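Biologist: Before I accept the labels on a model, I would like to hear the reasoning behind them. Shall we go through them one at a time?

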Amino acid sequence: MSMGNQPVAEKRRPDWAALVIAICLFAVAAVMLWDASHMRVIAQYDRIGPATAPKVVAFGLIGLGIWTVFEAIRGEFPERERQEIAPVVWVVAGLAAQMLLLKTAGFSIATGLMFAFTARGFGQRKLWYSIPFGIVFSFIVWAIFSQLLKLTLPAGPLERLFF
């Protein structure tokens, strides 16, 4: 049935992807609340302690989860673009390469590869350019953090060559 020039209202369906996101938000909030409740408290003089920030973030995630559920049920999320799989694979491959190579190859090489693979995922086609650039940039970051700030980052052959 239509009124004037307006078509019949379509029945809205819930956005299932948004409901999955809401469930994930609730799960992360639950883990944070559980972890914060198991923090050891040492001589607390005030109500604010080390567990306060995780609890605040967890309650914020719960609020976002509730909001996401309502929006998903209303079905008013904008239409999503088609997901490109290749960029996601490049970024995940970069993260995996860094995790696998961090102890053996060191911070500079592992993080340089992650930088290059992530750049490839975002459209930089020249790996021959981004790998050396990423390694040099990561080496500079390693030098600043380990030599100037005296923080411990994994050193590999490249770092041992210079320091």
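Biologist: Why is Glu 71 called buried?

Modeller: The model is predicted, and in it Glu 71 has a relative accessibility of 19%. Buried means under 20%, so Glu 71 counts as buried.

Biologist: What makes the pair Glu 71 and Arg 74 a salt bridge?

Modeller: The N to O distance between the two side chains is 3.3 Å. The cut-off is 4 Å between a side-chain nitrogen of Lys or Arg and a carboxyl oxygen of Asp or Glu, so Glu 71 and Arg 74 qualify. Side chains of opposite charge can pair when their charged atoms come close.

Biologist: Where do Glu 71 and Arg 74 lie with respect to one another in helix H2?

Modeller: They are three residues apart in helix H2, which covers residues 52–74, and that separates them by about one helical turn.

Biologist: Is Arg 74 buried, partly exposed or exposed?

Modeller: Arg 74 has a relative accessible area of 41%. Partly exposed lies between 20% and 50%, so Arg 74 is partly exposed.

Biologist: How many salt bridges does the structure hold?

Modeller: Two. Besides the one just discussed, Arg 82 pairs with Glu 84, with 3.1 Å between the closest N and O atoms. That value is within 4 Å, so the term applies to Arg 82 and Glu 84 as well.

Biologist: Which labels do Arg 82 and Glu 84 receive for accessibility?

Modeller: Arg 82 is at 69%; exposed means over 50%, so Arg 82 counts as exposed. Glu 84, at 46%, counts as partly exposed.

Biologist: Turning to the fold, how do you know that the pattern is α-α-α-α-α-α?

Modeller: The chain has six helices and zero strands, and reading along the sequence gives that pattern. Of its 163 residues, 26% are buried. Of the contacts with a separation of 6 or more, 61% are between residues 24 or more positions apart. The accessible surface of the chain is about 12,500 Å², and carbon and sulfur atoms contribute 70% of it.

Biologist: What makes the length of H5 close to the expected value?

Modeller: H5 has 22 residues and spans 30 Å from first to last C-alpha. At 1.5 Å a residue, 32 Å is expected, and the span is close to that.

Biologist: Which residues of H5 are buried, and what covers them?

Modeller: Among them are Gly 134, Ile 135, Phe 139, Trp 142 and Ser 146. Their cover includes helix H4 (107–121) and H6.

Biologist: Why is Ser 146 on that list?

Modeller: Its relative accessible area is 10%. The limit for buried is 20%, so Ser 146 is buried. The side chain of Ser 146 also makes a polar contact of 3.2 Å with that of Gln 147.

Biologist: How do you know that Val 141 and Ile 140 do not belong with the buried residues?

Modeller: Both residues are in helix H5. Val 141 has a relative accessible area of 24% and Ile 140 has 45%. Values from 20% to 50% fall between buried and exposed, so Val 141 and Ile 140 are partly exposed.

Biologist: What makes Ile 140 part of a nonpolar patch?

Modeller: A patch member needs over 30% relative accessible area, and Ile 140 has 45%. The patch consists of Val 136, Ile 140, Ile 144, Phe 145, Leu 148, Leu 149 and Leu 151, with about 660 Å² of accessible area together.

Biologist: What is notable about the phi of Lys 150?

Modeller: Phi of Lys 150 is near 60°, a positive value in a residue other than glycine. Most residues other than glycine have a negative phi. Lys 150 follows H5 and sits in the loop between helix H5 (127–148) and helix H6 (157–162).

Biologist: Is Lys 150 buried or exposed?

Modeller: Its relative accessible area is 62%. Exposed means over 50%, so Lys 150 is exposed.

Biologist: One more label: why is Ala 96 called partly exposed?

Modeller: Ala 96, found in helix H3 (residues 85–105), is at 31% relative accessibility. That lies between the limits of 20% and 50%, so Ala 96 counts as partly exposed.

Definitions and conventions:
Residues numbered from 1 in each chain as written. Predicted model: local features only at pLDDT ≥ 70, side-chain atom pairs only at ≥ 80, totals over all residues. Heavy atoms only, no water. Helix = DSSP H or I, 4+ residues; strand = E, 2+ residues; numbered from the N terminus. Buried < 20%, exposed > 50% of the residue type's maximum accessible area, 1.4 Å probe, protein only. Contact = heavy atoms within 4.5 Å. Areas by Shrake-Rupley, 256 points an atom, 1.4 Å probe, with all protein chains shown as cover. Patch = residues over 30% accessible without salt bridge, like charges linked within 9 Å, V, L, I, M, F, W, Y side chains within 5 Å. Expected span 1.5 Å × (residues − 1). Polar contact = N/O pair within 3.5 Å; in protein donor to acceptor, adjacent residues only side chain to side chain.
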